[in-house]
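Thanks, everyone, for making the time. I would like to go through one structure with you this morning, beginning with a single pair of residues and working outwards from there.

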Amino acid sequence: MTSATPDRRRGRQLPTADELRIWRDFIETTEALSSQVSTRLQADSALSPGDYVVLLALSEAQDRQMRSSALAAHIGWERSRLSHHLARMERRGLIRRQECPTVPRGSEVLLTPAGADAFRNSTFPHLRAIRELFVDALTPDQLRAAGEIAAALRAHLGARGEG
């Protein structure tokens, strides 16, 4: 919190015109950035951002598998959204689902060799796009500030039970 936003103003007043302009700039820019990164990912690897986030989580998981409910929580998706997305990924051979031996009605999501290959082949182009579209646009101080802003927003949303 800065001295320009005292505690007494928080939650008691609508945003000013300047604050709304900054908000809109922030939202429109992050949406444009996300769209361009997503477009590049799809063009370079035929993976959607959803595919990538699932494959990333599974590639980092122990034995390259996770319980479906744990995967949903890990990536911040509702379980029904994840279930539909996993069905599409399974049809493409990127993941495999199997019953969880220890939890009734539970399922495990496993990264297949084809999914591991798709993830590995997408990583360099995806990271290059992040470098070109985000990192290279900012000075080191701006990049640090962006990280601080993201952390402050995440902490604020988490404190409110929304993140």
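Please find Q98 first, and you will see that this residue stands opposite E108, which belongs to strand β3. I should say straight away that this is a predicted model, so please hear what follows as a description of that model.

The pair sits within a longer pairing, since β2 and β3, the latter covering residues 107–111, run antiparallel and are joined by five bridges. Stepping back, the open sheet is made of three strands in the order β1-β3-β2, again with antiparallel pairing. Because β1, at 65–67, and β2, at 95–99, each have a single partner strand, they stand at the edges, and one side of each is left without a neighbour in the sheet. On average, and with direction ignored, neighbouring strands in this sheet are turned by 25 degrees against each other.

What packs on the sheet? That is helix α2, residues 49–60, which touches β1, β2 and β3, and whose direction makes about 90 degrees with that of β3.

One residue to look at here is L58, whose contacts, leaving aside residues up to four places away in sequence, include Q65, M66, L71, I95, V109 and L111.

L58 also brings us to the largest nonpolar core, which has 23 residues, and in which V54, L55, L58, L71, L82 and L86 have the most contacts. Two or more residues come from each of α2, α3 (68–75), α4 (79–91), β3 and α5 (113–133), and the largest share, five residues, is from α2.

Conventions
Residues are numbered from 1 along each chain as its sequence is written. This is a predicted model: local features need pLDDT of at least 70, side-chain atom pairs count only at pLDDT 80 or more; totals for chains, interfaces and linings use all residues. Side-chain values use heavy atoms; hydrogens and water are left out. Two strands pair if DSSP finds at least two bridges between them. Helices (H or I, at least four residues) and strands (E, at least two) are DSSP runs, numbered from the N terminus. Axes are lines fitted to C-alpha atoms, for helices over the stretch in contact, and angles run from 0 to 180 degrees between N-to-C directions. Contact means heavy atoms within 4.5 Å. A nonpolar core is a set of buried Ala, Val, Leu, Ile, Met, Phe, Trp, Tyr and Cys residues joined through side-chain atoms within 4.5 Å. Buried means under 20% relative accessible area, exposed over 50%, partly exposed in between (1.4 Å probe, protein chains only).
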